[in-house]
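Hello,

Here is the structure I said I would pass on. My notes come after it.

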Amino acid sequence: MRFERLVAFLLVVACGAAAMGAWRLRGESSPSTTPVARAKSPLARALAADAPEMVVLSVDGMILEAEPGGFGASGAGGRFLVEAVRKLREAPPKVLLLRINSPGGTAAASQAVYDEILRLKKDKGVKVVASMGDVCASGGYLIASAADRIVANPATMTGSIGVIMQLMNYEGLFGKIGVKGLTIKAGKFKDMGSAERAITREERQIFQAMVDDIYDLFLNSVALGRKWDVAKLRPLAEGRIYTGRQALKVGLVDALGNFEVAKSEARRLGGIASDVEPEEAAEDEWQKFFKMISAGSDPVTALAGRRQALMSAAYDRVPLMVMD
């Protein structure tokens with residue numbers, strides 16, 4: 001059985017390598033990669049000092065600092081998104097169109113993308129329009145709030161302005177099966193959040209203070225992006241989810257419609273001709289390849305990725321802060 005699994009795995013890897021090689025070969029021989037065609041990409045235009053009028057940047061899946069990778073991977077790499085926005089500074093478009101379909105992500109990654117978008121607006125005068133897909137919640141909404149205009153589908157799930165940290169406690173289970181952990185530490189709080197025991201009152205206070213601090217940052221960032229007072233936002237920022245229509249009523253979005261409506265808003269905001277289409281922000285071949293693979297991920301895989309982000313720890317048992 002192990003041998004059969006190994007053979008199957010090697011076949012999958014071989015197929016992937018072959019597909020990647022064919023993709024590269026097609027890219028080298030295809031007319032779409034001639035010097036003239038390449039000059040139409042945002043990166044090439046930046047090098048040629050010929051900026052596109054409108055660029056679309058997609059934010060798909062969980063927003064994580066690390067780049068998504070591997071078969072079945074899904075998520076929005078925070079580092080890629082920040083770099084993609086930063087590249088636009090070399091030859092800024094009139095409008096950046098954000099196409100967001102994300103339930104949220106880690107606080108640091110979401111905040112980094114939000115901050116970079118604000119810098120692009122402030123330093124280069126770029127207008128930003130956000131288009132919400134199935135879901136644009138929590139960290140996804142934080143990124144959207146940096147836009148000048150937010151367009152949501154009437155059935156979009158949005159809002160969820162809040163911060164969550166989830167810990168597990170296996171102490172009772174371990175006791176039933178006769179497993180006992182042994183922790184050797186230097187530092188009173190070095191193992192806080194361990195799943196082998198319940199947290200103490202003092203540890204809970206520390207964790208709560210961390211969550212409250214990130215929540216305060218979240219509130220102030222959204223308020224800045226929407227040009228609201230925090231006092232106006234706070235009643236809407238209790239972690240609840242809104243439909244697109246509900247969000248419009250309370251002011252969390254500016255208009256209802258699909259991606260085509262968002263493109264029209266972007267053209268109007270940037271003074272762009274009605275026949276101009278947005279250009280995709282540059283992606284390298286590996287990012288395109290893994291995005292193609294992840295497009296077929298089943299709901300269970302997607303849910304597992306979300307759960308892992310909520311429960312996983314960074315270095316030394318420090319739980320990830322998740323805007324989700």
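The notes below cover one helix and then two residues in loops.

Please keep in mind that this is a predicted model.

Helix α11 takes in residues 259–270, which makes 12 residues. From its first C-alpha to its last it reaches 16 Å, close to the 16 Å expected at 1.5 Å a residue. At the N-terminal end, N258 acts as the cap of α11, with a side-chain oxygen 3.1 Å from the backbone nitrogen of E260. Just after the helix comes G271, which has a positive phi of about 65°.

Which residues of α11 are buried? They are F259, A262, K263, E265, A266, R267 and G270, so each has a relative accessible area under 20%. The list includes charged side chains by name, K263, E265 and R267, so you may want to look at them in the viewer. Among the elements that cover the buried residues of α11 are the strands β1 (54–60), β4 (95–102), β6 and β7 (149–152). As background, an α-helix has 3.6 residues a turn, so residues three or four places apart point the same way.

The two loop residues have positive phi values without being glycine. S138 has a phi near 50° and sits in the loop between β6 (127–137) and α6 (139–144). K227 has a phi of about 60°, and its place is the loop between α8 (201–226) and α9 (230–233).

Is each of these buried or exposed? S138 is buried, because its relative accessible area is 0%. K227 counts as exposed, because its relative accessibility is 68% and the cut-off for exposed is over 50%.

Regards

Key
Residues numbered from 1 in each chain as written. Predicted model: local features only at pLDDT ≥ 70, side-chain atom pairs only at ≥ 80, totals over all residues. Heavy atoms only, no water. Helix = DSSP H or I, 4+ residues; strand = E, 2+ residues; numbered from the N terminus. Buried < 20%, exposed > 50% of the residue type's maximum accessible area, 1.4 Å probe, protein only. Expected span 1.5 Å × (residues − 1). Contact = heavy atoms within 4.5 Å. Polar contact = N/O pair within 3.5 Å; in protein donor to acceptor, adjacent residues only side chain to side chain.
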